[in-house]
Amino acid sequence: MKLTLTLPILVTILTHALIGGCNCKIVQFIFGDSLSDVGNNNFLSKSLARANLPWYGIDFGNGLPNGRFCNGRTVADIIGDEMGLPRPPAYLNQSLTEDVILEDGVNFASGGGGILNETGTYFIQRFSLYKQIDLFQGTQDLIREKIGSKEAEKFFQQARYVVALGSNDFINNYLMPVYSDSWTYNDKSFIQYLMETLRAQLILLHSLGARELMVFGLGPMGCIPLQRVLSTDGECQDKTNQLALAFNKATSELVVELSNTLPNASYKFGDAYDVVNDVITNPGNYGFSNSDSPCCSFGRIRPALTCIPASTLCSDRSKYVFWDEYHPSDSANELIAKELIKKLGFLNPNQTDASPPTPAATGPSSDEVGR
């Protein structure tokens, strides 16, 4: 029997063959909260958690707000740069296309989001981890239509995944009496609830192709400026820090278990608690002069929560551990990222022995296009 190929069918076959043989780049898919958000919340018009005003982004690219809750880069930005991976654009970025996804990956992180769906509800709009995974599934559908199921499976299985949530589940849920979780659970049962939810989410991600995945641990949450100013003596809140340590221990055990039991899974736990705690306790040893108040603040009015145009900036942003009441500065994020890289021995997955190192990105990336 003679097989006749119409032009559209021939083009489709050739397109799939060419893409299938192009050795698609290894990219990142990032799931997180405001510590990793690169602009998703800026597109959520009703969200109360947005980094869309000066002085956010003052030390990044063109110095304009880009959705990062920082003066510069996030930890995920820096780790990705060091590994030679492209910076994934925000999922809601208007320039996102299938080609951009194949080239750069996607960042689903959302300020105020948590492991639990109920976390951060008073921000009105934010993506919980389950919602972010749901958006990722939609992204997979687009890529399958673009390059075919077989190549899409390969693309997603060779990608790198980051899951970095949990602090909001405490600070903007369990530790606030307006949330029912604060009186429904005690410390131990709440962390167990978090672990049961996170386990299901990580297993779901594995079923969607996640093989190389890192889960970030929590830092000393009780030492962020907001927690200090709400305490009676201005010191770190030990209860909050103990919750972070308990979360890290449980998450580390969960990650090891899943890495040992899920087929072909290489799951790692990124724990920078000790180094961040030491930076806060002994800032001078790391080149910082202030580790207890934000660089961007509203004078004597504390807490101002977010950085706004009327805020005043510290004289040297590189000397402050914290940028605003919640989030570390670019300098602190660089220190945290380098500690995680050293601990986990990250390498550039896109680099062969014969190819030269990929330089770290220094200017605006694709997630800033169209802003």
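**Figure 1. Close-up of Asn-264, a residue before the edge strand β5.** At 70% relative accessibility, Asn-264 counts as exposed, a class that requires over 50% relative accessible area, whereas buried means under 20% and partly exposed lies in between (1.4 Å probe, protein chains only). Asn-264 belongs to the loop between α10 and β5. Its phi is near 60°, a positive value in a residue other than glycine. Helices (H or I, at least four residues) and strands (E, at least two) are DSSP runs numbered from the N terminus. The model is predicted: local features need pLDDT of at least 70 and side-chain atom pairs count only at pLDDT 80 or more, while totals for chains, interfaces and linings use all residues. Residues are numbered from 1 along each chain as its sequence is written, and side-chain values use heavy atoms, with hydrogens and water left out.

**Figure 2. Close-up of the open sheet and of helix α10.** The sheet has 5 strands in the order β2-β1-β3-β4-β5, with parallel pairing; two strands pair if DSSP finds at least two bridges between them. Its edge strands, β2 (105-107) and β5 (266-270), each pair on one side only. On average, neighbouring strands of this sheet are turned by 15° against each other, direction ignored. Axes are lines fitted to C-alpha atoms, for helices over the stretch in contact, and angles run from 0 to 180 degrees between N-to-C directions. Strand β1 (residues 28-32) and strand β3 (residues 160-164) run parallel and are joined by 5 bridges. Within this pair, Gly-32 stands opposite Ala-164 in β3. Helix α10 packs on the sheet and touches β4 and β5, where contact means heavy atoms within 4.5 Å. The direction of α10 makes about 165° with that of β5.

**Figure 3. Close-up of the disulfide between Cys-223 and Cys-236****.** A search of the whole structure finds 3 disulfides, a disulfide being a pair of cysteine sulfur atoms within 2.5 Å. With bonded cysteines counted along the chain, the pattern is 1-2, 3-6, 4-5. In the pair shown, the S to S distance is 2.1 Å. The torsion about the S-S bond of Cys-223 and Cys-236 is about 115°, so this disulfide is right-handed. Cys-223 sits in the loop between β4 (212-216) and α9 (225-230), and Cys-236 in the loop between α9 and α10 (238-261), 13 residues apart. Cys-223 is buried, at 2% relative accessibility, whereas Cys-236 is partly exposed, with a relative accessible area of 28%.

**Figure 4. Close-up of the disulfides Cys-295 to Cys-314** **and Cys-296 to Cys-307****.** The sulfur atoms of Cys-295 and Cys-314 are 2.1 Å apart. Cys-295 lies in the loop between β6 (290-294) and β7 (296-297), and Cys-314 in the loop between β8 (312-313) and β9 (320-322), so the pair ties together parts that are 19 residues apart in sequence. The torsion about their S-S bond is about -85°, so the disulfide is left-handed. Both Cys-295 and Cys-314 are buried. In the disulfide of Cys-296 and Cys-307, the sulfur atoms are 1.9 Å apart. Cys-296 is in strand β7 and Cys-307 in the loop between β7 and β8, so this pair ties together parts 11 residues apart in sequence. A torsion of about 75° about the S-S bond of Cys-296 and Cys-307 makes the disulfide right-handed. Cys-296 and Cys-307 are buried as well.

**Figure 5. Close-up of helix α4 and its buried side****.** Helix α4 (residues 129-147) has 19 residues, which at 1.5 Å a residue should span 27 Å; its end C-alpha atoms are 27 Å apart, in agreement. The expected span is 1.5 Å times one less than the number of residues. The buried residues of α4 are Leu-129, Gln-132, Ile-133, Leu-135, Phe-136, Thr-139, Gln-140, Ile-143 and Ile-147. These residues cover an arc of only 160° around the axis, which puts them on the same side of α4; the arc is that of the directions from the helix axis to the C-beta atoms. Just after α4, Gly-148 takes a positive phi of about 95°.

**Figure 6. Close-up of two loop residues, Trp-55** **and Ile-124****.** The peptide bond from Pro-54 to Trp-55 is cis, with omega near 20°. Trp-55 lies in the loop between β1 and α2 (75-83). Ile-124 is found in the loop between β2 and α4. Its phi is near 70°, a positive value in a residue other than glycine. Ile-124 is exposed, with a relative accessible area of 53%.
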